[in-house]
Amino acid sequence: MQPEKQPLWRSILYPVIAFALVISLWWGSVEYFQVPRYVMPSPGDVWAHIMSDYATLWQGFQVTFMEFLIGFVVGAFSGFFMAVLMDASKTIRGVLYPILIVSQAVPIIAISAALTIWLGFGLAPKLVIVALVVFFPVVVNVLDGLRSVDSDLLRLARSMGGNSWSIFRHVKMPATLTPLFSALKLSATFSVTGAVIAEWSASTSGGIGAYLMQANSRLNTSGTFAAIAYLAVLGLVAFLLVILVEYLVTPWRTKPVVPRWSTRFWQK
Amino acid sequence: MSETPQPKLKLTEVSRLFESNLALAPTSISINEGEFICVVGPSGCGKSTMFNIIAGVLQPSSGTVEVDGQDITGRAGQVGYMLQKDLLLPWRTVLDNICLGSILHGKASKKEREAGVELAERYGLGDFINHYPAALSGGMRQRVALMRTLAMHRDVLLLDEPFGALDSMTRMAMQQWLLSVWKAEKRTVVFVTHDIDEAIFLADRVVVMSPRPGRIRDILAVNLARPRGRDVYTAPEFLQLKDQIMTYVYDEKDSSDAA
């Protein structure tokens, strides 16, 4: 399951080369075909725009990032809690599962419009949208993790004197971390999209999504691309953040020995 | 007979029905303190059923299980047990896995952890206490699983084919190792296996079971001197016992297949 080890310089150099290649291709074709700036700005134009409107964009980045972060954490925790409930009771599972499935069939953008009516133009509807994006994959994966715990292991834990709380805490809960993080990784970038969609419905908060809409309606192509660049960075940051937390929370997946910083490390 | 010591583990007329199938016919056996008992038999002979009843994770349809004269029927956690699967927690270190019993009871104290470290050192895993199970070989993982069982401080250990998933060379090394642990720890062991050689090599007495309904066919004493080395496998008594057990196991099969 582990990716093939490659030297650090290579894992940094290759993406840099790929990125530089895309930028120069973009720049080259804009210059070569003499594309007008209002159709397709060059990377230089986009950079110039970012420099000139730096403060607003940075402000917007922070707003959208907070929408992502809070919504993501709320969605992940409530999804986890829901999965635990559904695992504990057959009735709850039977009732909620169909509702969950149907709710996934409704497009986020439609919910977004309704949420604006109910919750207004502020932070709340954005958080709900982002949380909804994360919620479903987390419920499904965590539920899977809980149900795939070996029944022999549960029997052994019970025979060793574990009560339901300690068995949940030490045996079942940690078993959900791997599927939980694969759900989080999948939904990290998409929840940034969720935040943008929510900002499109109506926003007074001034996130990058709102900035994008404004620039677009004024045919400000450089502004649009500047916003896209910020969103790309935001998506990347979101993904890397999840990877970082995963690395810290599940060291056993990448290391043969417990790290020294862990409280689990036994110093003789 | 009044001089016979009280048996460590005693089954009295224990039976189990699954729906209307008799998985285990009424079975009685007494096992002495410090004895090493192996249970062999083909699939469906009720050895796993008997194992689960002694472990307390399965309620018998009738009969009682006693340890030191105390009725423990249907009560889990009175004996230590271990399966073919090591069932180690991948997110816990070797040391934490050894101390799992204490952790499940709340928290492993410093003293309990030190005892765990000592156990690991005594049985050759001292350098691995901070490793995760994924970094260990199959044999090492089974050793950790046995240490986890030992750390529970139960006098009776139930082992259900603990070496069944290991390659034959590792398995032989593990058998030797298990005997040394048994000798040092002075526990009473009930060891379930498919492997007749393994059963004779390890046991003081071999319990042979047969299917339909699951029952004890015979109990054979193994009088080979301990400590037992590789040469035991070719001793005349070993071969004689093996022949007899094979007769029980295979003749039974033939007659039921013909029926």
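# Close-up views of chains A and B

**View 1. A cis bond in a chain B loop.** Look for P213(B) in the loop between strand 9 (205-210) and strand 10 of chain B. The peptide bond that joins R212(B) to P213(B) is cis, and its omega comes out at about -15°. Keep in mind that this is a predicted model, here and in every view below.

**View 2. Another cis bond, in the loop that leads to helix 8.** R226(B) and P227(B) are also joined by a cis peptide bond, with omega at about -5°. P227(B) sits in the loop between strand 10 and helix 8 of chain B. R228(B) belongs to the loop between strand 10 (215-221) and helix 8 (236-258) too, and that arginine gets a view of its own next.

**View 3. A buried arginine without a salt bridge.** Which side chain of opposite charge is nearest to R228(B), and how far away is it? The answer is D204(B), at 4.6 Å; R228(B) is buried yet has no salt bridge. A salt bridge needs the nitrogen and the carboxyl oxygen within 4 Å of each other, so the 4.6 Å to D204(B) doesn't count. What the arginine does have is backbone company. The backbone oxygen of F201(B) is 2.8 Å from a polar atom of the R228(B) side chain. For the backbone oxygen of I200(B), the distance to a polar atom of that side chain is 3.1 Å.

**View 4. Two residues with positive phi.** D68(B) isn't a glycine, but its phi is positive all the same, at about 55°. You'll find D68(B) in the loop between strand 4 (62-67) and strand 5 (70-71) of chain B. With a relative accessible area of 35%, D68(B) is partly exposed. K186(B), again not a glycine, has a positive phi of about 50°. Its spot is the loop between helix 6 (168-185) and strand 8 (188-193) of chain B. Is K186(B) buried or exposed? Its relative accessibility is 65%, so K186(B) counts as exposed.

**View 5. A salt bridge at the start of chain B.** Side chains of opposite charge can pair when their charged atoms come close. Here the pair is K8(B) and E33(B), which form a salt bridge at 3.9 Å, N to O. The two partners come from distant parts of the chain, 25 residues apart: K8(B) is in the segment before strand 1 (9-18), and E33(B) is in the loop between strand 2 (21-31) and strand 3 (36-40) of chain B. K8(B) counts as buried because its relative accessibility is 4%, whereas E33(B), at 58%, counts as exposed.

**View 6. A salt bridge between two helices of chain A.** K185(A) and E246(A) bring their side chains together in a salt bridge of 3.2 Å, N to O. This pair also links distant parts of the chain: K185(A) is in helix 9 (residues 177-201) and E246(A) in helix 11 (residues 221-249) of chain A, 61 residues apart. E246(A) counts as buried at 8% relative accessibility, while K185(A), at 24%, counts as partly exposed.

**View 7. One more chain A pair.** D45(A) and R37(A) form a salt bridge through their side chains, at 3.5 Å, N to O. D45(A) has a relative accessibility of 19%, so this aspartate counts as buried; the cut-off is under 20%. Over all chains, the structure holds 22 salt bridges.

**View 8. Helix 6 of chain A and its bend.** How far apart are the end C-alpha atoms of helix 6 (residues 123-147) of chain A? They are 36 Å apart, and that agrees with the 36 Å that 25 residues should span at 1.5 Å a residue. The helix still bends, by about 30°, at F135(A), and a proline, P137(A), follows within four residues. V128(A) is found in helix 6 too; with a relative accessible area of 31%, this valine is partly exposed. Its C-alpha is 9.4 Å from that of G194(A), although V128(A) and G194(A) are 66 residues apart in sequence.

**View 9. A stretch of chain A that UniProt picks out.** The unreviewed UniProt entry lists several stretches of chain A as "transmembrane region", including residues 127-146. Residues 127-146 are 100% helix and 0% strand, with end C-alpha atoms 27 Å apart. That fits the wider picture of chain A, which has 11 helices and 0 strands.

Definitions and conventions. Residues are numbered from 1 along each chain as its sequence is written. Chains are lettered from A and ligands numbered from 1 in the order in which they are written. This is a predicted model: local features need pLDDT of at least 70, side-chain atom pairs count only at pLDDT 80 or more; totals for chains, interfaces and linings use all residues. Side-chain values use heavy atoms; hydrogens and water are left out. The expected span of a helix is 1.5 Å times one less than its number of residues. The bend at a residue is the angle between axes fitted to the seven residues ending there and the seven starting there. Buried means under 20% relative accessible area, exposed over 50%, partly exposed in between (1.4 Å probe, protein chains only). Lys and Arg count as positive and Asp and Glu as negative; His and the chain ends are not counted. A polar contact is a pair of N or O atoms within 3.5 Å; within protein, one must be able to donate a hydrogen and the other to accept it, and residues adjacent in sequence count only if both atoms are side-chain atoms. UniProt positions are given in the numbering used here, feature names are shortened, and annotations may be inferred rather than shown by experiment.
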